[in-house]
Structures are given as structure tokens and as C-alpha cells.
Amino acid sequence: MKNALNLFRVAAVTPRVHIGNVVKNCEEIKSVYDGLAANTDLVVTPELSLTGYTCEDLFQNRNLLDLAKQGICDLAKYTCQYGACGAALVVGVPIEKDGELFNCAALLQNGKIIAIVPKTYLPNYAEFYEKRWFSGGNQDAQEIALSCGNETIKTMFGNNIVIEIGTSKKVCIGIEICEDAWAPLSPGRLLALNGAEILVNISASNELIGKAQYRKTMIGAASAGCICGYVYVSAGKYESTSDLVFSGHNLIYENGKLIGENKPFEENVVVRDFNLTKIRHDRITNKTYSECKNNCKGRSYQKVTCCKPMIEKEDILAKVSITPFLPSKNIRQRSLEIFQMQVTALQRRMEAANSKCVVVGVSGGLDSTLALLVSAQAAKNLGMSSKTVIGITMPGFGTTNRTKNNSVELMKHLGCDSREISIVDAVRQHFKDIGQEESIHDITYENCQARERTQILMDVANKENGFVVGTGDLSELVLGWCTYNGDHMSMYGVNASIPKTLVRTLVDEVGHNMAENGFPGMEKVIEDIIDTPVSPELLPPNEDGTIAQKTEESVGSYILHDFFLYYTLRYGMAPDEIYELCQEAIKQSKEYKFCDEEITKWLNVFYTRFFRQQFKRNCMPDGVKVGSVSVSPRGDLRLPAEIEYGTFILSGE
């Protein structure tokens, strides 16, 4: 008899993921769906397959969330072309609801979003930090509306949804997400006891030695205990490998028996048929299963709505500062508070390290000046000699008399152990060793100098039983404007969360305050340092001896970049939001004026550098956090180095 077998065909698929690029991920999912839609009943993709699981703090960014919402609507519409007979599709997507963000699975079919299931249990231990971004979704099913362009799609949202698929022949499925399966009382088991014959788990389980076998044991036991089919689909090798690796280990079990598997790091598609008759037979005969159903008790919630529309906003009725990091009042007091946090943090590190000294590379620029002031004050507070602070000026090919003299003068006023070590001969020897022409002023020419300076600082610190105090600031870390394993590296970064616009204010306020309280005579050199153009001084000076290499001519104004980084990291705003907010801030500003083309140009530079340079921040040294914005990979900004950031770039139209 034709079609007598009671079969349900499933495909476990791990498409290639493009981290943070919803558009490309939609294309990849459509591609695999096209090959399976006509001849399978259910296609399942991994956890957060629409965005990539390893987006980390990017999940807090409006741009990604808006694109994810568009993506789920787009995929739902895409399934229309296969009509009522086309396969159902399960994708992983972040979903906003009632001011919270949920890690969800959405089931799509024939143009509809049939249901959305939030992850119940969020791992927040060892290598996982999901509670940083998501809320747990232990919620009863309720109807929600998703805005898809000009259309509103209504669907059910909850973790107690059993989805019935079929017409004359039907099957009930339940969905759980990754960690849910590892819980002592998993949502999947409750779904099975409430009628789900097939459990689907979309996962992002990283690979460890022995974990593949443990995963198989766990999923096999769940399938056996629940007497069900179980489809387990995991994230693959194209997720970020900053700290973890994912293998795309996909499993299909039926009543505890493994019937399909993608070996870790191998194929990305496995297709199998569930025999529903087997599942139903074993459930009927196993009375323990039916008795357990009595232990399930439901929950109910009532939703109240307010239909008042929001008014259209044409103007921003609020002050928007173009320098959001700068205190608007009590500038001296706020500056000294920040400085005290830096000093206290450094004191603690000096005591813990039992350090006999600290070593600072002094360039005559703003950052090294602030680091030197912090170091001098920390030594003073600890009752140590001012000579505890070893300040080293290291003139090279681009050093000007102005910055060198300011370095020496500053160290003299602070009473530091002032040393001068030229890097010229050492760098020339290194050029010779690696075959670099001194006349070629490329990135190698510049970075060789930065790394030689860092080597000197590190070796002096070893020799003197001390440690190197880093001078780099927040703006440089965000833009990656530092030489990897050069000025990028130190034993402790006192300026790590101080943006460039604030560094200038701190040097001004703190420098003058210290001149008035124990370090007399510094005012003049502090004022000249503040007036000196920002420069790494790695290229030869002009013929008149002035600085030729000016940072802001290469990367753009730090006024703009600090504005961009503030609203990107503090509030997770999307590019178009930041662009319009910046326009308003400039309109309100009396001091700074930038045209729309400049905003677009440097905002695109910001995003490009910010995402490309994450690898430097992933291994940045310890450093004190003083404000609400920081990029420490240990506490404030966890991002993969492989984010595809093309959707952040503005067209300029």
C-alpha cells in the first residue's frame, strides 16, 4: 500500500555562518533550504543561526537586532514559494519582547511564523556568558506581533508550545535550545510528557576533548527516556574561534538509538526518517511514561495592552554633547576623581607585585604624560621615592625637539629617574636583519620602532625588578591605533578606559592641580604638551623640525570617534542613529563643526577599524575601568575577531 509507512523526514543542517551578518546568513539558510524543502518535512539549523552564536556584545546593538527581525520575516516569506507542502524550517534568532532580549528558535512554514520558542536556561559559567545578553524564557505561550516591514505577523511565543505538523498524518514536535537539554529537568522532557513526539534542540555546543561522546550519551539518554525522536543541531566551525571551537556535531536519535550523525568537523547535513509508529508504540507500552504525565502542571499569564500611538518626532528636545565623555560641570573635581581611581588602581598593583619601581615610556604626548602623572602620584602615596618612577624617552626617526624636551622637562619636575635610550641604531640593525629599506616609510618602518621601544621598557623593568605602565588610551584601543605587541602591550594600562578627549582634559586639570600641590613649575610644560598635535612620531619630521605625522589626519578627529564609540558601546545604537545624533550634536556645538560627508566618512572608518582590530583587544593587558565604557575582554566587551561588519557601513546617500 502506497504511503503506508508513518514516516517523518528531518534534516539537521549547519549552514556556514557569517558572524554578525544577517543578510549573508539568510542567503546561506535559503541555499540549504532550497535543496531540502521539497523532499523533507522539517529542516533544522543551529542556535542563533540567523546572526551567529558568537556575536557576544553585538547582541546589544540595535543594528544587529533590527536586521535579525527583518531576517526572520524574510525567511518566513521565502518559504512561501514551496507552498503548503514545503518543509517547515527552524532557525535560531534573537527576539525582543517586553523590553527583554531572548535567545529563540522560530519555526517557519509556507510564509508564516508558526511559533517562537525562547531558551529557558541560559549558561553563565565557564566559557559561557549568556545572561550578559539574554533573559531566560520560562514563559507560558502567548500571542505576540512582529512588525515585518508594512506587515504585522502574529505568532505564539513561549517555552510550553507543542507544534502539530501535518494534515491527515500528524506529528507533534517540541523545541528546546542548547543548555535546556543539559538541565536536570529539561523543557524537552516536559514537552515530551505533554505530547511532543519529536524534540528539536538547536545548539551552539563548543567542542572539547571527550565532549562529543558525552553529548551523544546525553542526547541518546534524553531520546530514550522521553521515548521520542530527537534532532540535535549544533553550530559549526565558522563561528568565532577567539576562545572556542565549534564542530557542527549534529545528531538524530530515535527512542534512544542513534540513526544519524555528522561527525565533528565533517559534513554539515544529515537527513533521516523518524518512524512515528515506533515512537507511539513504545509510549503506549511504557506505563511509566504515561504516569509521569500527571506530574506536569501548567502556568498562565495575562497580557494587558495599551494602544496609544507614539507621536512623530521631528526635533530632538534634549541637549546632545559632541563630547559625551567630558564632564559638563565641576570639571576639576570630576577629573581628580578619575585620576584618583587610576592612582589607587596602580598603587594596588604595585603592592601586589611587590614592585621596586614602575617603568613608563615618555613621548611628550598626552597619553604618556597622564600615565607618568599617575605613576608619580602613586609612588608618592605609597611613601616611595620619586625615583621609583623610571621615565624613559626613546628618540627615534620621527622624534622632534619639542616632544623630547617636554619629556625631559616633565620628568625633571616630577623628580623621576629620567633616562634616554635612542632606538635609532637598534632599529637600523633590525632593518638590516629583516631586509627593510630605511627609505621605505611603510607600516613595517613604523612598527619596528614601536616594538623596539616596548622591548626596551620590558627589559628595563626586568632589570630593575619593576613593571611597565601602559600609556595607550581607550580611543586608541577602540580604533586599534597601536602596534600589536608594541605600545599595545604593558603590565598594567592606567589609561585603558580613558578616551582621548578626556585624556586632554585630565592632563590639563590634574597637571595644574599637581603643580599647585607638590610639583611646582609644571604649568608651562603641561600647557605645551596639551597644545602639541597628537602623533606617534614614527615618520621623519618636516624640514623645519615640526611634527609631520598627525594621527587625526589618518584616522579622523577624536572628537568624532569618541562620540561614535560612546554611543556604540554605551547604548548599542545603530549606525544611522549615531549619524543623526551626531548631526544634532554638531548643530548644538559652538566649538566643533563637521559636515555630513565628514561624519559619514569617519563613522565608516570607525566601524571598519573597530571590528577589524578586535584581536588586539582580546589580549589587552589589565587596566582600571573608570567610567561606563570600557573594552576589556574580561568584563566589558566580548566580541569575536571575525565579525562581518559590512552592514554597519553607511552608503553616504
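**Exercise 1. Is T79 buried or exposed in this predicted model, and what surrounds T79?**

Solution. Begin with the relative accessible area of T79, which is 1%. Buried means under 20% relative accessible area, so T79 is buried. Next, place the residue along the chain: T79 belongs to the loop between α2 (62–78) and β3 (88–97). Then list the contacts, leaving aside neighbours within four places in sequence, and T79 is found to touch Y33, L89, L108, Q109, N110 and G111. Finally, look at the side chain of T79, where a polar atom lies 2.8 Å from the backbone nitrogen of G111. The model is a predicted one, and these values are computed from it.

**Exercise 2. Work out what span helix α9 (residues 401–414) should have, and compare that with the distance between its end C-alpha atoms**.

Solution. Take the 14 residues of α9 at 1.5 Å a residue. The expected span is 1.5 Å times one less than the number of residues, and for α9 this comes to 20 Å. The end C-alpha atoms of α9 are 20 Å apart, which agrees with the expectation. Just after the helix comes G415, whose phi is positive, near 75°.

**Exercise 3. Determine which residues of α9 are buried, and where they lie around the helix**.

Solution. First collect the buried residues of α9, which are T403, N406, S407, L410, M411 and L414. Viewed down the axis of α9, the buried residues fall within an arc of 125°, so they line one face of the helix. An α-helix has 3.6 residues a turn, so residues three or four places apart point the same way. The face turned away from the buried side of α9 carries N401 and K412, which are exposed. As a last step, identify the partners: the buried residues of α9 pack against α8 (366–381), β16 (389–393), β17 (417–420), α13 (500–516) and α14 (523–531).

**Exercise 4. Describe how β16 is covered and how it pairs with β15 and β17**.

Solution. Start with burial: five of the five residues of β16 are buried. V389, G391 and T393 point one way from the strand, whereas I390 and I392 point the other way. Turning to the pairing, β15 (residues 357–361) and β16 run in the parallel sense over four bridges, with V360 opposite G391. From β15 the chain passes through α8 to β16 in a right-handed β-α-β crossover. The pairing of β16 with β17 is likewise parallel, over four bridges, and here G391 stands opposite S418. The chain then crosses from β16 through α9 to β17, and this β-α-β crossover is right-handed.

Conventions
Residues numbered from 1 in each chain as written. Predicted model: local features only at pLDDT ≥ 70, side-chain atom pairs only at ≥ 80, totals over all residues. Heavy atoms only, no water. Helix = DSSP H or I, 4+ residues; strand = E, 2+ residues; numbered from the N terminus. Buried < 20%, exposed > 50% of the residue type's maximum accessible area, 1.4 Å probe, protein only. Polar contact = N/O pair within 3.5 Å; in protein donor to acceptor, adjacent residues only side chain to side chain. Contact = heavy atoms within 4.5 Å. Arc of directions from axis to C-beta. Pairing = 2+ DSSP bridges. Right-handed = clockwise from strand over helix to strand, strands pointing away.
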